[in-house]
Amino acid sequence: MEFPGEAADARDASTSPGSPRGTQDQQDDTPRAGERAPRATPHGGTDGSPGNPTPLSVVAAALADAFLAADTWTADDLTAAGYTVVGVERAYVGRAVGAVLDAYPRPPVDAPRQLAGVLAAAPRLAALHRSREARRPVRVLTRRATAVRARPAVDSPLLVDTLPELARALDVTVGRLLWLADTRAWNRHAPADGPLHHVRHEWIVRPGRVPRLLEKPMDLLRRTQRVLLDGLLVRLPVHDAAHGFVAGRSVVTGAALHTGRQVVLTADLTTFFASVSASTVYGVFRSVGFAEPLAHVLTGLCTHRVPPHVLTAMPAGGTPEERAALREALAVAHLPQGAPTSPALANTALRHLDARLAGWASAGGGRYTRYADDLTFSGDDRLAARPDAFLRGVERIVADQGLRLNPHKTRVRRRGSRQSVTGVVVNDLPSPGRREVDRLHAVLHNCVVHGPTSQDRTGHRDFRAHLLGRIGWVEQVHPGRARRLHEEFARIRW
C-alpha cells in the first residue's frame with residue numbers, strides 16, 4: 001500500500017501504537033523465505049555478532065520509541081534515552097540525537113514510524129552503523145513503548161489508542177480486522193476462486209466509453225465499514241461546496257445555488273473514487289488523531305487493490321489511453337466504488353480541492369458546488385465573458401491536486417439554453433428535466449403493459465427499488481410530477 005509507513009504485521013500490530021512492534025521498521029526483522037532469523041539476546045535484541053548484525057532499521061525503530069518516551073525533547077534527555085536502548089555508544093547516540101533535533105524542533109508525538117524513517121535515512125548514522133557491522137555491531141538492549149497521539153479532531157468512540165481497542169470498537173477480532181485491512185496485499189495475489197477475497201468485482205459495460213468497475217465488499221467487510229462510517233466518518237468536516245453524500249444536502253440543494261445565472265459551467269472528475277489514493281486516506285485518519293499503526297490499518301480497511309485477474313478481464317470500451325489510466329489507478333490502493341466508506345472519505349479528502357475551486361470561482365464572481373465527481377460553476381457577466389479561461393484555471397487546480405477532468409464532459413450553458421446541474425434544470429426554478437421525467441413515465445407505462453422484466457435491460461439486482469429511487473429523485477424537485485409517477489408505479493404487477 002503506497003502511503004507513509006509500511007504495514008505492521010499481524011503479530012506485531014496488536015501492541016500499542018507507539019511501540020516498536022507497531023512501527024514500520026520492526027517488520028524488517030522478520031525473516032523471509034530462505035533467511036535465518038537473528039538470534040535473540042536476553043534483552044530482546046539480536047546477538048550482534050559479526051555474522052549476524054542488527055539491521056539499522058531495527059535500531060532506528062527502537063531509538064525512535066525511546067526518544068518519544070523521553071522526559072523532554074532536549075539533547076541531554078534524548079541522549080540518556082538512547083543509552084538505555086543501545087548502551088553507552090557516545091558517537092552513535094550522538095549522531096542519532098543530532099539527526100532528530102535537526103529534523104524536529106518539537107517531538108513528532110504519535111509518529112514513531114516517521115521518526116524511525118528519519119533516523120534510518122540519516123547519512124552519518126548510516127555510515128557509522130555500516131562501519132560497526134564488521135567489528136562490533138550496535139545492538140538493541142531494551143525497548144520502550146510510547147502511546148501518545150494527537151488531540152482528536154472529532155469526538156468519536158472509535159478514536160482509540162491500540163489495535164485491540166479498535167477491533168472491539170468495530171466489533172471484530174484483531175485477527176479479522178487485520179485480514180480485512182490486508183495491508184500487505186496478500187489477497188490481491190490469492191487465487192481468483194480462493195476463500196481469501198473479501199471484495200466482489202463487477203465490470204459495468206458502457207457503450208463507447210471506458211467500462212466502470214464496481215468493487216463490492218462482502219458481508220463482514222461491509223458491516224465493519226458501516227460501523228466505521230456511522231461512528232466516525234459521518235462526523236468528519238466537509239467543505240460547504242460538497243453536496244453529495246452529506247446529511248441535509250442533495251442534488252437539489254446543490255443545483256438551487258445555480259438558479260437564474262447567466263452561465264453555468266459543468267465538469268466531471270475522471271475515475272473519481274479510484275483517484276483518491278491510500279496516501280490521501282492515510283492522511284485523513286492521521287489528521288483525525290489516529291496514531292500511525294491504527295491509521296495504517298484503517299486505511300487498509302477502506303482502500304482496495306484490484307487483483308490482476310480482474311484487470312485483465314476488463315471489457316471493451318474507451319480509448320487505449322483511458323483504459324491504461326483506469327488500469328493504473330485500480331492496480332494501486334484506492335477508494336473502491338461500492339464501499340460504504342468511500343463517499344464520506346472522498347468528501348473529506350477533497351476539502352482542499354473544494355476550497356481552492358470555491359476561491360477560484362469567488363474571484364471570478366461565481367459560485368461552486370460539487371456532487372461526488374460533478375463540478376458545477378455559475379456566474380453572471382464576468383464569468384460569462386471568459387468561460388474558457390476560467391475552465392483552464394479549473395483544470396490547472398484539479399491537476400495540481402492529482403486529479404483529472406474528463407474532457408468529454410465539460411459543458412458551457414448560457415442563459416438562453418437549457419441549463420442543467422446533476423439532472424436538475426436551473427434556468428428559473430430547480431425542476432427535473434422534462435425529457436427525463438417523460439422517459440421515466442414511459443418506462444413505468446411499459447412495465448404496466450409488458451411487465452417489469454421487459455424494461456430491466458441492464459439487469460438490476462432490485463429493479464423495483466431502482467424505479468422507486470428514480471421516482472424519489474423527481475419527488476425532491478417536483479412533488480406534483482412525482483405523484484403521477486407513483487400512481488403509474490402502483491399499477492405494475494411484480
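The side chain of R370 makes a polar contact of 3.0 Å with the side chain of N347. That contact belongs to a predicted model, and this report starts from R370 before turning to the sheet around it.

**R370 and its surroundings**

R370 is found in strand 4, which spans residues 366-371. Is R370 buried or exposed? Its relative accessibility is 0%, so R370 counts as buried. Besides the contact with N347, the side chain of R370 is joined to the side chain of D354 by a polar contact of 2.9 Å. With neighbours within four places in sequence left aside, R370 is in contact with A241, A242, H243, G244, F272, N347, L350, D354 and L375. Both polar partners, N347 and D354, appear in that list.

D354 can be placed as well, through helix 15, which covers residues 351-363. This helix lies across strand 4 and strand 5, and its direction is at about 155 degrees to strand 4.

**The sheet**

Strand 4 is part of an open sheet of four strands, whose order is 4-5-3-6 and whose pairing is antiparallel. Which strands stand at the edges? Strand 4 and strand 6 do; each has a single partner strand, so one side of each is left without a neighbour in the sheet. On average, neighbouring strands of this sheet are turned by 15 degrees against each other, direction ignored.

Strand 3 pairs with two strands of this sheet. With strand 5 (residues 374-379) the pairing is antiparallel and has six bridges; with strand 6 (residues 411-414) the pairing is also antiparallel and has four bridges. One residue from each pairing serves as an example: V263 stands opposite G379 in strand 5, while V264 has R413 in strand 6 as its bridge partner.

The polar contacts of R370 and T270 described in this report are gathered here.

| Group | Partner | Distance |
|---|---|---|
| R370 side chain | N347 side chain | 3.0 Å |
| R370 side chain | D354 side chain | 2.9 Å |
| T270 side chain | N406 backbone nitrogen | 3.2 Å |

**Strand 3 and its two faces**

In a regular strand, side chains alternate between the two faces of the sheet. How many residues of strand 3 are buried? Six of its six residues are buried, and the strand is mostly covered. The cover is on both faces: V263, L265 and A267 are buried on one side, and V264, T266 and D268 are buried on the other.

**V412 in the edge strand**

V412 has its place in strand 6. Its relative accessible area is 35%, so V412 counts as partly exposed. Not counting residues up to four places away in sequence, V412 touches V263, V264, L265, P387 and L391. Among these, V263, V264 and L265 are buried residues of strand 3. V412 and S378 are 34 residues apart in sequence, and their C-alpha atoms are 9.6 Å apart in space.

**The loop after strand 3**

T270 lies in the loop between strand 3 (263-268) and helix 10 (278-288). The relative accessible area of T270 is 17%, so this residue is buried, the limit being under 20%. A polar atom of the T270 side chain lies 3.2 Å from the backbone nitrogen of N406. Leaving aside neighbours within four places in sequence, T270 is in contact with S275, R404, L405 and N406.

**Aromatic pairs**

The structure holds seven aromatic pairs. In one of them, the ring centres of F272 and F273 are 4.8 Å apart and the planes are at 55 degrees, so the pair is tilted. Both F272 and F273 are buried, and F272 is also one of the residues in contact with R370. Elsewhere, ring pairs link W360, Y368, F377 and F390 into a cluster.

**The chain as a whole**

The protein chain has 20 helices and nine strands. Of its 494 residues, 49% count as buried. Among contacts between residues at least 6 apart in sequence, 70% join residues at least 24 apart.

The mean pLDDT of the protein chain is 84, and 87% of the residues reach 70 or more. Where does pLDDT stay under 50? This applies over residues 1-50, for which the model has 127 contacts beyond four places in sequence.

Definitions and conventions
Residues are numbered from 1 along each chain as its sequence is written. This is a predicted model: local features need pLDDT of at least 70, side-chain atom pairs count only at pLDDT 80 or more; totals for chains, interfaces and linings use all residues. Side-chain values use heavy atoms; hydrogens and water are left out. Buried means under 20% relative accessible area, exposed over 50%, partly exposed in between (1.4 Å probe, protein chains only). A polar contact is a pair of N or O atoms within 3.5 Å; within protein, one must be able to donate a hydrogen and the other to accept it, and residues adjacent in sequence count only if both atoms are side-chain atoms. Contact means heavy atoms within 4.5 Å. Rings of Phe, Tyr and Trp (its six-membered ring) pair if their centres lie within 6.5 Å; planes under 30 degrees apart count as stacked, over 60 as edge-to-face and the rest as tilted. Two strands pair if DSSP finds at least two bridges between them. Axes are lines fitted to C-alpha atoms, for helices over the stretch in contact, and angles run from 0 to 180 degrees between N-to-C directions. pLDDT is the predictor's confidence in each residue, from 0 to 100.
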